[in-house]
Amino acid sequence: MGKPTGFLEFTRELPSKRPVAERKKDYNEFVNRYSDTQLNQQSARCMDCGVPFCHSGCPLGNVIPEFNDAVYRKEWKEAYDILTSTNNFPEFTGRICPAPCEHACVLGINQPAIAIEEIERHIIEIAFDKGFVQPRTPNVRTGKKVAVIGSGPAGLAAAAQLNYAGHSVTVFERDDAAGGLLRYGIPDFKLEKWVIDRRIKVMEDEGVSFKYNANVGVNVKVDDILREYHAIVLTGGSTVPRDLKIPGRELNGVHFAMDFLKQQNKRNAAKDPLANAAIESNILSEHVFATDKNVVVIGGGDTGSDCVGTSNRHGAKSITQFELMPKPSSSRTPFMPWPTYPMIMKTSTSHEEGADRDWAIGTKEFIGDGKGNLKGLKTVKLEWKFTEDGRPAQFVEVPGSEKEIPCELALLAMGFVHPQHVGMLKELGINLDERGNVQASEKAYQTNIQKVFTAGDMRRGQSLVVWAISEGRECARKVDEFLMGFSLLESKDMNLELAL
């Protein structure tokens, strides 16, 4: 490594952020860039650890010590080349990845881990600044046409890789712009949408075609896609939200989190959030605001956190976030040894902006005001029993713990159950697994229809952006092999073998 003693000389330091009071007034990103000195010191902390477990912690198999070393030496083109050899979109993962690589960092055994995610973000932004990011057009076209249905991170990764292989790729997106949940799920204050637009422009210049407002199975015929393309990749994501079917669910003021978040992202883009285009289904017919309301977010994950941050920017009267599970430990336990990904307490930047958080809470009833509107919730405390290895197993309600709390806006952020079945999947006759996801093996990514493949949340279920990119890349390799009999596209297994 560039500085073998760096981890002894410097400690972990994250970039500064705009003050809470200031950033709550807008929807812009608020994490600043490192100074040149800070970036050099943070990359210097990467150890010559022998066996870099960060490689296996990353779903993409990023070769992290190598790009850290290049950053330390200020070899920006080298760092960019190393990073993008395994990751098509480091500008996304560098902003919104929970960084499982950092939890596997060897230095993390007894010191704060390397700030890998931030270094990654800086590499790609410096690469754009210096003009290193240029369209990569294939030298030869194969004459094969591939349809990618869905433009989330899995679809974009698959499209980029298949285009590099020389195939003619068309991406079908049912919304009015590319990105999937990157566009209309993740708030702008975590990922400004010009970041997506910048990447889409590069992909278009490389030869990838995008068709918007194109909902396959609704206003685009499935038979036409099957007839026109040599291979099809389904990357529509896991889009059916988990519901909470308790008394009062029909009241005005109870909404799915993603409806709330999508509306705000459309407002930020100066688009009509209630535009009821023919290609969209189940779209809300009312504006949903948290302004001057007691907001309760039901669900303790990242989507719930995004609802907290958005509600703060709306000017909510109060914000409370409930989690069904017990409060996690603040550090690793004997049941979460290094280098496994630990289920520990996470405080997001949205939580820093203000919210009450409560764990082991069950919601029993939505209470109305007699006019069809939500006015409160009835909750109960839960007592959890644990397995021998420390995992929550089952719960019972604590007698006498029921209470009512005021609430005019309840946001259901309990995750997603599976992709939408009605429409494209049903018309194609795609087999589903026991969880309702598209059935396809991890090794082949191939469905019961020979030329139809799938990747991302649509196959594996709700997961991380970094996993979606990994799935898109791996699926593209299998599609390329199907079309050509072989593939020169990189795979995660190849990258790990080379790194180790």
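Where does Asn213 lie? In this predicted model, Asn213 sits in the loop between strand 3 (209-211) and helix 13 (222-228). Its backbone is a bit out of the ordinary: phi of Asn213 is near 50°, a positive value in a residue other than glycine. For background, most residues other than glycine have a negative phi. As for its surroundings, Asn213 counts as partly exposed, because its relative accessibility comes to 38%.

Asp292 tells a similar kind of story. Phi of Asp292 is near 60°, again a positive value in a residue that isn't glycine. This residue belongs to the loop between helix 14 (257-268) and strand 7 (294-298). With a relative accessibility of 55%, Asp292 counts as exposed, since the cut-off for that label is over 50%.

Another backbone feature turns up at Pro339, in the loop between strand 8 and helix 16. Here the peptide bond from Trp338 to Pro339 is cis, with omega near 5°. Most peptide bonds, by contrast, are trans.

That loop, between strand 8 (318-323) and helix 16 (349-352), also holds Met325. Met325 has a relative accessibility of 32%, so it counts as partly exposed. Together with Leu324 and Phe395, Met325 forms a nonpolar patch on the surface. The accessible area of Leu324, Met325 and Phe395 together is about 240 Å².

Next come the cysteines. A disulfide is a covalent bond between the sulfur atoms of two cysteines. How many disulfides does the model have? The count comes to zero, with a pair of cysteine sulfur atoms having to be within 2.5 Å to qualify. Take Cys49: the closest cysteine sulfur belongs to Cys54 and is 6.2 Å away, so the two are too far apart for a bond. Cys49 counts as partly exposed, because its relative accessibility is 28%. For Cys475, the closest cysteine sulfur is in Cys58, and at 18 Å that is too far for a bond. Cys475 counts as buried, because its relative accessibility is 0%.

Finally, there is an annotated stretch of the chain. An unreviewed UniProt entry gives residues 23-130 the annotation "domain: Dihydroprymidine dehydrogenase". In the model, residues 23-130 are 53% helix and 0% strand. The C-alpha atoms at the two ends of this stretch are 28 Å apart.

Note on methods: Residues numbered from 1 in each chain as written. Predicted model: local features only at pLDDT ≥ 70, side-chain atom pairs only at ≥ 80, totals over all residues. Heavy atoms only, no water. Buried < 20%, exposed > 50% of the residue type's maximum accessible area, 1.4 Å probe, protein only. UniProt positions renumbered as here; feature names shortened; annotations may be inferred. Helix = DSSP H or I, 4+ residues; strand = E, 2+ residues; numbered from the N terminus. Patch = residues over 30% accessible without salt bridge, like charges linked within 9 Å, V, L, I, M, F, W, Y side chains within 5 Å. Areas by Shrake-Rupley, 256 points an atom, 1.4 Å probe, with all protein chains shown as cover. Salt bridge = Lys/Arg side-chain N within 4 Å of Asp/Glu carboxyl O.
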